[in-house]
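Thank you all for making time this morning. I would like to walk through one structure with you, slowly, and I will stop at a few places where a question helps.

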Amino acid sequence: MRNLRESENVFLKGNWYPVDESSSENLEVIGEIPQELNGLFLRNGPNPKEPIDHKNYHPFFGDGMIHGLKIENGKALWYKNRYVESSFGFGPNTHVMKHADKIYALVEGGSSPVILDSNLNFTDEIPFSKNKEKRFTAHPKFDATKNELHAISYDFSEYLSEVNQVHYRVVDDKGEISTDTPIELNSKPMIHDCAITENYVLIFDLPVTFNTGRRTDNKDGSDYPVIWDDTYQSKLGLLNKHSSEIKWIEVPKCFLFHVVNSYENKSGKIILDFCRYEKLFDFDNPLPFGNKPFLTRWEIDIAKGSCTEKILDDRPMEFARIHPELDGKEHRFSYILNDGSLNNLFKYDFLKDNNEVHNLGENRKGAEPVFIPKTNSSAEDDGYVVGFVYDQDTDRSEFIIIDAENFSKNPLARVILPSRVPFGFHGSWINLVE
Ligand SMILES: [Fe+2]
């Protein structure tokens, strides 16, 4: 293990510092792992390889590493972490998910997804084999009714060539691209996430736009080629899935990395819940400083082309997840990490407009909470909330399993990992017994 954990760069300090690859078996468990949980928890994140450019390193460009934990019959069988190996260039570092019997490591900006197996072996298999174009996104939305992924993707190399274009792409139930619609824009926005409803795909054209060389007095950790444009008019594109026509409406000036979800309500309006930044990537405040994200709801009147906004909570929150089959459908609950001290998880009830808190304890830092529905679940929140927790006192990480219906109670189980899992991005639970 590396011991050198000091850096001028905030993204290389403490638990941001990379770890070496490792594997271990038969892990210690405190509590009881539910017998019905048989599968794999995977999480992707940046883990820069040496030599690291400490001055200019930014985690969005850090080499991807997958951390995996296999659980079977109440036991934690193994933990492994492996660098994402890509035959197609950059190793995707942002998300990992399963679709159409394939597990994909994902990133935005034009790099091809990479396919891995359930033992964390990376393959040379070509994703979307019938389609020449490999660009994708870290955050496709899963339409559980049609077993399809919907994505808005862009390509940094096209942006560099002055091509102001993004693509709407659909991956069908066989893992092939079934729709690929180019969309011309007036600028080059960074688009990290999208949203779907029954009839629409939401395109976020917001004031963080592609810009190289804008920071000649580059600050540590600020070298990422986008910048806040205060003169930019935020726009939301409502792409009709059936006609491919897009209606653009003006929306409040802000930025988002992540949506919670969106859907069409009984009045035909689009409800969008997301984590809203007042401003981000401005010159003086490179990520993660500056404004914090707040849970926000937009109500969009499609006919009038109007948007009303409500901030739902005054505590900063990020990395929201919902039931995995509810993208584009009405949701009641979301599970979210507090932004800042990272020591609380929230279960937000949008119906009652209140929430429960799961406190992880002092000096313990959480990560994105992932919801796993029970096999024969009887309610939207009938399942488990899981994720990694970093303990600063022991300098090790755990994997915790919380009963989602008793969210504030102690975890049902804590799997003690042999080392720490650096702070990272997104992950998924993959059932290995259907
Ligand atoms: Fe993300």
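Let me begin with a small detail: which residue in strand 18 does Leu238 stand opposite? Before I answer, please keep in mind that what you see is a predicted model. The residue facing Leu238 is Lys247 in strand 18, and this pair belongs to a stretch where strand 17, residues 235–240, and strand 18 are paired in the antiparallel sense over 5 bridges. These two strands are part of an open sheet of 4 strands, which follow one another in the order 13-14-17-18 with antiparallel pairing. Because strand 13 (195–196) and strand 18 (246–250) stand at the edges and have a single partner strand each, one side of each is left without a neighbour in the sheet.

Now let me step back to the whole chain. Its secondary structure comes to 1 helix and 31 strands, and the C-alpha trace spans about 55 × 50 × 45 Å along its principal axes. The radius of gyration is 21 Å, which agrees with the value near 22 Å that a compact globule of 434 residues would have. Buried residues account for 43% of the 434 residues, and, if we take the contacts between residues at least 6 apart in sequence, 53% of them join residues at least 24 apart.

There is another open sheet to look at, again with 4 strands, in the order 9-10-11-12 and with antiparallel pairing. Its edge strands are strand 9 (141–143) and strand 12 (177–184), each of which pairs on one side only, and neighbouring strands in this sheet are turned by 20° against each other on average, with direction ignored. Within the sheet, strand 10, residues 148–153, pairs with strand 11, residues 165–171, over 5 bridges in the antiparallel sense, and here Ala151 stands opposite Arg169 in strand 11.

Next comes strand 20, residues 270–277; how many of its 8 residues are buried? The count is 7, so to speak a mostly covered strand. On one hand, strand 20 is joined by 7 bridges to strand 19, residues 255–264, and the two run antiparallel, with Glu264 having Ile270 in strand 20 as its bridge partner. The hairpin of strand 19 and strand 20 has 5 residues between the strands, and there Gly268 takes a positive phi near 85°. On the other hand, 7 bridges also join strand 20 to strand 21, residues 294–301, once more in an antiparallel arrangement, and Leu272 stands opposite Trp298 in strand 21.

That brings me to the interior. As a general matter, nonpolar side chains in soluble globular proteins tend to be buried together. In this model the largest nonpolar core holds 101 residues, of which Val201, Leu202, Leu256, Ile336 and Val386 touch the most other members. Strand 28, residues 383–391, supplies the largest share of this core, with 6 residues. A second, separate core of 5 residues includes Phe11, Leu12, Trp16 and Tyr17.

Let me close with Leu202, since it ties some of these places together: which residues does Leu202 touch, leaving aside those up to four places away in sequence? They are Cys194, Ala195, Leu236, Leu238, Ser262 and Leu272, and with Leu238 we are back at the residue that stands opposite Lys247.

Technical notes: Residues numbered from 1 in each chain as written. Predicted model: local features only at pLDDT ≥ 70, side-chain atom pairs only at ≥ 80, totals over all residues. Pairing = 2+ DSSP bridges. Axes fitted to C-alpha atoms, helices over the stretch in contact; angles between N-to-C directions. Buried ≥ 20, exposed ≤ 12 C-beta atoms within 10 Å, placed from the backbone. Rg over C-alpha atoms; globule rule 2.2 N^0.38 Å. Contact = placed C-beta atoms within 7 Å. Core = buried A, V, L, I, M, F, W, Y, C linked by C-beta atoms within 7 Å.
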